[in-house]
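Here are a few exercises on reading a fold from its coordinates. Grab your viewer and try each task before you look at the solution.

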Amino acid sequence: MGLRSWVTGLLGDGVEATEDSEGRSPSVSRPQAGDAGDGQLELAVDVERRAGSILEHYGLSGEDARQVAEILSAELAREEGYARSMIADRVARELDMDADRARTIVDTEVASIRNLARVRKFTEQAGDEVRFRWIDSVGNDDSPVCADVRTAIDERGPVSLGELQSIIREAAGEHPSGTPERADDLVPHEQCRHTVVRHVE
């Protein structure tokens, strides 16, 4: 893979919302390599589907799971951007939930929503032939699950979405902290900070 491919895949093909290490997403996006116009991520949340995933994964009541999904939908749609810490505070306050648990849920679900949005964007840009890689977006996700995902992709080369989901499912199933049941949501483990990126030849 050439330097251009790596940089373009790492940064994306346009202008998009980015997050800092605290999970803040600015409302004004910065241009990236290969700027293709308004490539800002559309962080649409399918409330019903997301509530179902939250219900099954975290063992919340149906009402609480739906409320979390609705909070995520509202907060991620804010024009001025969002901060994960503020969303977690709202979840903890409105659901009377432990702050650490709220942060785990928000970190995990926002990462999933962002990665699925990236997949949609890249597929719209490149069609069904698009290929992906899996990178540590903040440089401090030392999960053995994601290390295995990265290794598998490095050995195979860029993968399709279905292949990525299968690799995540397999790697997550081999570790106690893994979440193989969430592979379709691109969640290999809770509080994952890895990012799916598009491979460009």
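Before we start, one bit of vocabulary: a crossing is right-handed if the near helix is turned clockwise from the far one by less than a right angle, and left-handed if anticlockwise. Keep in mind, too, that this is a predicted model.

**Exercise 1. Get your bearings**

Task: work out how many helices and strands the chain has, and in which pattern they follow along the sequence.

Solution. Start with the count: there are seven helices and four strands. Next, walk along the sequence, and you get α-β-α-α-β-α-α-β-α-α-β. Then check burial: buried residues account for 50% of the 201 residues. Last, look at contacts between residues at least 6 apart in sequence; 62% of them join residues at least 24 apart.

**Exercise 2. Find the cores**

Task: locate the largest nonpolar core and say which elements give two or more residues to it.

Solution. Step one is the set itself, which holds 27 residues. Ile54, Leu60, Val68, Leu76, Ile87 and Val91 have the most contacts inside it. Step two is to map the core onto elements: α2 (47–58), α3 (62–76), α4 (84–95) and α5 (99–126) each give two or more residues. Apart from this core lies another one, of 20 residues, including Val130, Phe132, Val149 and Ala183. As background, nonpolar side chains tend to be buried together in soluble globular proteins.

Step three is to zoom in on one member of the largest core. Leaving aside residues up to four places away in sequence, Ile54 touches Gly59, Leu60, Ala65, Val68, Ala69, Leu72 and Glu109.

**Exercise 3. α4 against α5**

Task: classify the packing of α4 on α5 by angle and by handedness.

Solution. First, the geometry: the two axes come within 8 Å and cross at roughly 130 degrees. That angle is why α4 counts as oblique to α5. Second, the hand: α4 passes α5 in a right-handed crossing. Third, the residues: α4 brings Arg84, Ser85, Ile87, Ala88, Val91 and Ala92, while α5 brings Ala99, Ala102, Arg103, Val106, Asp107, Val110, Ala111 and Arg114. Sort those by class and you end up with nine nonpolar, one polar and four charged.

**Exercise 4. Same drill, α6 and α7**

Task: do the angle and the handedness for helix α6 (residues 144–156) and helix α7 (residues 161–173).

Solution. The helices pack at an angle of about 135 degrees, with axes 9 Å apart. So α6 is oblique to α7. The crossing of α6 and α7 is right-handed. On the α6 side the contact uses Val145, Asp148, Val149, Ala152, Ile153 and Arg156; on the α7 side, Glu163, Leu164, Ile167, Ile168, Ala171 and Ala172. By class, that gives nine nonpolar, no polar and three charged residues.

**Exercise 5. Two charged residues**

Task: decide whether Asp185 and Arg198 are buried or exposed.

Solution. The cut-off you need is under 20% relative accessible area for buried. Asp185, in the loop between α7 and β4, has 4% relative accessibility, so Asp185 is buried. Setting aside residues up to four places away in sequence, Asp185 touches Arg49, Ser53, Ser112 and Leu116. The C-alpha atoms of Asp185 and Asn115 are 8.3 Å apart, with their positions 70 residues apart along the chain.

Arg198 belongs to strand β4 (residues 194–199). Its relative accessible area is 15%, so Arg198 is buried. Arg198 and Ala126 are 72 residues apart in sequence, yet 9.2 Å apart in space, C-alpha to C-alpha.

Note on methods: Residues numbered from 1 in each chain as written. Predicted model: local features only at pLDDT ≥ 70, side-chain atom pairs only at ≥ 80, totals over all residues. Heavy atoms only, no water. Core = buried A, V, L, I, M, F, W, Y, C linked by side-chain atoms within 4.5 Å. Buried < 20%, exposed > 50% of the residue type's maximum accessible area, 1.4 Å probe, protein only. Contact = heavy atoms within 4.5 Å. Axes fitted to C-alpha atoms, helices over the stretch in contact; angles between N-to-C directions. Parallel < 35°, antiparallel > 145°, perpendicular 65-115°, else oblique. Nonpolar A, V, L, I, M, F, W, Y, C, P; charged D, E, K, R; others polar.
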